[in-house]
Amino acid sequence: MALSTPLSQMYVALPIGIDGSSQSLIKVQSVSFTEKSWSPLLRLDTVSRKPSLKKRSTVCMSLQQQASRSKVSVTPLELEYPKETPLNLYRPKEPYTAKIVSVERIVGPQAPGETCHIVIDHDGKVPYWEGQSYGVIPPGENPKKPGAPHNVRLYSIASTRYGDSFDGKTASLCVRRAQYYDPETGKEDPSKAGVCSNFLCNAKPGDKVQITGPSGKVMLLPEDDPKATHIMIATGTGVAPFRGYLRRMFMENVPTFKFDGLAWLFLGVANSDSLLYDEEFSSYLKDYPENFRYDKALSREEKNKKGGKMYVQDKIEEYSDEIFKLLDDGAHIYFCGLKGMMPGIQDTLKRVAEERGESWEQKLTQLRKNKQWHVEVY
């Protein structure tokens, strides 16, 4: 669709029901396809947890589908020129009270567990950089400290500094609902469910949420070399910071950062229904084939070369020669996800290094010294 003149308002019909039979009309302000702007984001005042929504692109992805290789204008550009990295602007004793914009289930019916994409409105008061985390304090009393609030739970931010609305006022989290099942009965025990993840996944638009931060420096995206190579390895919700990186590289029109290097994402999940932001990543693959690579490891659907389950470390081994060469040439490599992912990955990298006649310990030391090695696991 091409428009010759900017629109001040337009109405868009989006499918809401499972079969797409019911629709909702949502007003959009300040849309201009001639200048590739899209601000603000369409916002649904509903909480969606229906498995079928996995097949539908989220609203903020729609511009990628409107015109190949087009990018979205972002504001305020002052976010590109802070004096220093924003850190701990709000602390546990004095958190910022933000509001929930939307909660959407983003996995299919066959995914083990539920994962939600949660957009939070901080009104521009809690700015952050790509790769940082927010702390969330769920409501209620800490059972281990009567009278005290719950402890802070950290979540990697899954959006760029401009948020899904591209206006610098929101942040997005990718949250898997923590549930506990009794090993003997196989039944869920709600008393042992994750307090914070369930609070966030059950939240409704307008609900208040206390946040702290932002925190973290180890996963900040180096932008000094726009032609650099970035190898990103994630399991499950660990893909959150990489979604932020990739939106900044390929979706947003950022005057101060014109990426022309290589971004290579490895994502490990259980099955196809567990893939997170797959349509978004696939659109980058289509529009920027020379700058983006995307490899998936589906442990319950694929086999590795030994006939076992396909884990992300098996994909790394499959491309090990290329990965090591890229690292030798200065590539950055990032890991994010459950801490249990690292032993298998480290063992694979060590074995590959030894096959190449190299010492993995020495190589790892050099990677850390050169600030090429970035790890955030939980």
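Tutor: Buried means under 20% relative accessible area, exposed over 50%, and partly exposed in between, using a 1.4 Å probe and protein chains only. The model is predicted, so local features need pLDDT of at least 70 and side-chain atom pairs pLDDT 80 or more, while totals for chains, interfaces and linings use all residues. Residues are numbered from 1 along each chain as its sequence is written, and side-chain values use heavy atoms, leaving out hydrogens and water.

Student: Is serine 156 buried or exposed, and what is its relative accessible area?

Tutor: Happy to start there! Serine 156 lies in strand E9, residues 153-156 (strands, E, are DSSP runs of at least two residues and helices, H or I, of at least four, numbered from the N terminus). Serine 156 counts as buried, because its relative accessible area is 14%.

Student: Which residues of helix H3 does serine 156 touch, beyond four places in sequence?

Tutor: Contact means heavy atoms within 4.5 Å. Serine 156 touches Gln132, Ser133, Ser172, Leu173, Cys336 and Glu376, among others. H3 covers residues 240-251, and from that stretch serine 156 touches Ala240 and Pro241.

Student: How many residues of H3 are buried?

Tutor: H3 reaches 16 Å from its first C-alpha to its last, close to the 16 Å expected at 1.5 Å a residue (1.5 Å times one less than its number of residues). Its buried residues include Phe242, Arg243, Tyr245 and Met251. The helix is largely enclosed by the rest of the structure, because the buried count is 12 of the 12.

Student: Which strands stand at the edges of the five-strand open sheet?

Tutor: The sheet runs in the order E15-E14-E12-E16-E17 with parallel pairing (a pair needs at least two DSSP bridges). Two strands each have a single partner, so one side of each is left without a neighbour in the sheet: E15 (292-298) and E17 (373-377).

Student: Which residue of E17 stands opposite phenylalanine 335?

Tutor: Strand E16 spans residues 332-337 and pairs with E17 in the parallel sense over five bridges. Opposite phenylalanine 335 in E17 stands valine 375.

Student: How far apart in space are lysine 169 and proline 76, C-alpha to C-alpha?

Tutor: Lysine 169 lies in the loop between E9 and strand E10 (170-176) and is partly exposed, with a relative accessible area of 38%. Its contacts beyond four places in sequence include Ile120, Asp121, His122 and Tyr162. Lysine 169 and proline 76 are 93 residues apart in sequence, and in space their C-alpha separation is 9.6 Å.
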